[in-house]
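Student: I have a structure on my screen and I'm not sure how to read it. Could you walk me through a few features?

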Amino acid sequence: MIFASVCAFASAQKSVVIIDYFTNSPSVSKSDADLLRAKVIDVINSINRVNLIDVESESTLTLEASRRNSEMALEDKTARAGVMKTLGANYAIYGSVNKMDADYKTSDSGSYYVGNIAYSLTVINLENGTVTGTKSFTYTGLTGNIGSTKNEAVISTLNRVEQSMDNFVNEYFKLNGTIVEMKEANKKGDQAKSLYISLGSDSGMSKGQLLEVFEVKMIAGKEAELIVGNLKVEEVVASDLAECTVTKGGKEIMTAFRAGNELRVKTRKDSGFTSFLNGVADTFK
């Protein structure tokens, strides 16, 4: 069953994000901190959801390299916002590496090392200089990868960044779009099964991306977004179009759509449970 579109396409603009130097605790070498930073950059770039600027490539900021040290206060970082803003950035990411080590373990089958990495990322809104939030990450125990040497375990554990950054980007750099057309409903026609949204390859959409659906309503004279369902991207059709399966709220979505109410979609992070299970599986490969 095919339904006509009732909403106009919405163009989603990627946020421009600049990533600063990472600070490191005395127990972490600068080279190890740089290694983690490089991994974070590579993964965020591969997600393709923001336009990432590496401060290392910007001469105006590289001149301030002497200011990157473990004593750099958040106020000092915020003061750099003006320079970063001139580069067209909307947000800045700062990193602090607290641990990059490995724990020695023994078992009946022999000895090995388990990676132990801890770091945090802080996001600052460059428009107003406020801290959007800070997220801490720890990979150890079941979430730390193993190796025959300490260095091998640390390098292997860096792969956990891939899982963490996907959720990090979805949480702090949400994309907003709309439902533009219904593709399929159930036999009764009262529940949406699949549909199209106004986010595509230009927005970094990819198969498996999770989204939330919000119905826009006026409550007490103010605009409110009420969550009505969840989606999962099945296929990226065009630069500004993706096909999605409705995983929750099919009836609510269909009712709002037929009433001509605005339905917005926003990227959402994974619950973390799937990533945890994947991580455990990787550990014991």
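Tutor: Sure, we'll go through the core, the aromatic rings, one strand and one residue. Keep in mind that this is a predicted model.

Student: Let's start inside. Which residues of the largest nonpolar core touch the most other members?

Tutor: To read a core, look for the members with many neighbours. Of the 33 residues in the largest nonpolar core here, those touching the most other members are Val40, Ile93, Tyr119, Leu121, Met165, Phe168 and Phe173. Several elements supply at least two residues each, including strand E1 (15-24), strand E3 (91-107) and helix H6 (161-172). Helix H1 gives the largest share, 7 residues. Another core, of 23 residues, lies apart from this one, and Leu199 and Val213 are among its members.

Student: How many aromatic pairs are there in the whole structure?

Tutor: A search finds 7. For each pair, check the distance between ring centres and the angle between planes. Take Tyr91 and Phe173: their centres are 5.4 Å apart and their planes sit at 75°, so we call the pair edge-to-face. Tyr91 is in strand E3 while Phe173 is in the loop between H6 and E7, 82 residues apart, so this pair links distant parts of the chain. Phe173 also pairs edge-to-face with Phe168, at 6.2 Å centre to centre and 80° between the planes.

Student: Are Phe168 and Phe173 buried or exposed?

Tutor: Anything under 20% relative accessible area counts as buried. Phe168 has 1% and Phe173 has 3%, so both are buried. They also belong to one aromatic cluster with Tyr91, Tyr119, Phe137, Tyr139 and Tyr172.

Student: Now a strand. Why is E12 described as largely enclosed?

Tutor: Count its buried residues. In strand E12 (residues 263-267), 5 of the 5 are buried, so the rest of the structure largely encloses it. Leu263, Val265 and Thr267 point one way, with Arg264 and Lys266 pointing the other way.

Student: Which strands pair with E12?

Tutor: Strand E7 (residues 176-185) pairs with E12 in the antiparallel sense over 3 bridges, with Gly177 partnered to Val265. Strand E9 (residues 210-219) also runs antiparallel to E12, joined by 5 bridges; there, Glu215 is the partner of Leu263. From E12, Lys266 lies over the face of Phe214, 5.3 Å from the ring centre.

Student: And a single residue, say Asn125: what does it touch?

Tutor: Place it first: Asn125 is in strand E4 (residues 110-125). Its relative accessible area is 16%, so Asn125 is buried. Leaving out residues up to four places away in sequence, Asn125 touches Asn90, Tyr91, Thr130 and Thr132. A polar atom of the Asn125 side chain also lies 2.8 Å from the backbone nitrogen of Glu127.

Key:
Residues are numbered from 1 along each chain as its sequence is written. This is a predicted model: local features need pLDDT of at least 70, side-chain atom pairs count only at pLDDT 80 or more; totals for chains, interfaces and linings use all residues. Side-chain values use heavy atoms; hydrogens and water are left out. Helices (H or I, at least four residues) and strands (E, at least two) are DSSP runs, numbered from the N terminus. Buried means under 20% relative accessible area, exposed over 50%, partly exposed in between (1.4 Å probe, protein chains only). A polar contact is a pair of N or O atoms within 3.5 Å; within protein, one must be able to donate a hydrogen and the other to accept it, and residues adjacent in sequence count only if both atoms are side-chain atoms. Contact means heavy atoms within 4.5 Å. Two strands pair if DSSP finds at least two bridges between them. A nonpolar core is a set of buried Ala, Val, Leu, Ile, Met, Phe, Trp, Tyr and Cys residues joined through side-chain atoms within 4.5 Å. Rings of Phe, Tyr and Trp (its six-membered ring) pair if their centres lie within 6.5 Å; planes under 30 degrees apart count as stacked, over 60 as edge-to-face and the rest as tilted. A charge sits over a ring if NZ of Lys or CZ of Arg is within 6 Å of the ring centre and within 35 degrees of the ring normal.
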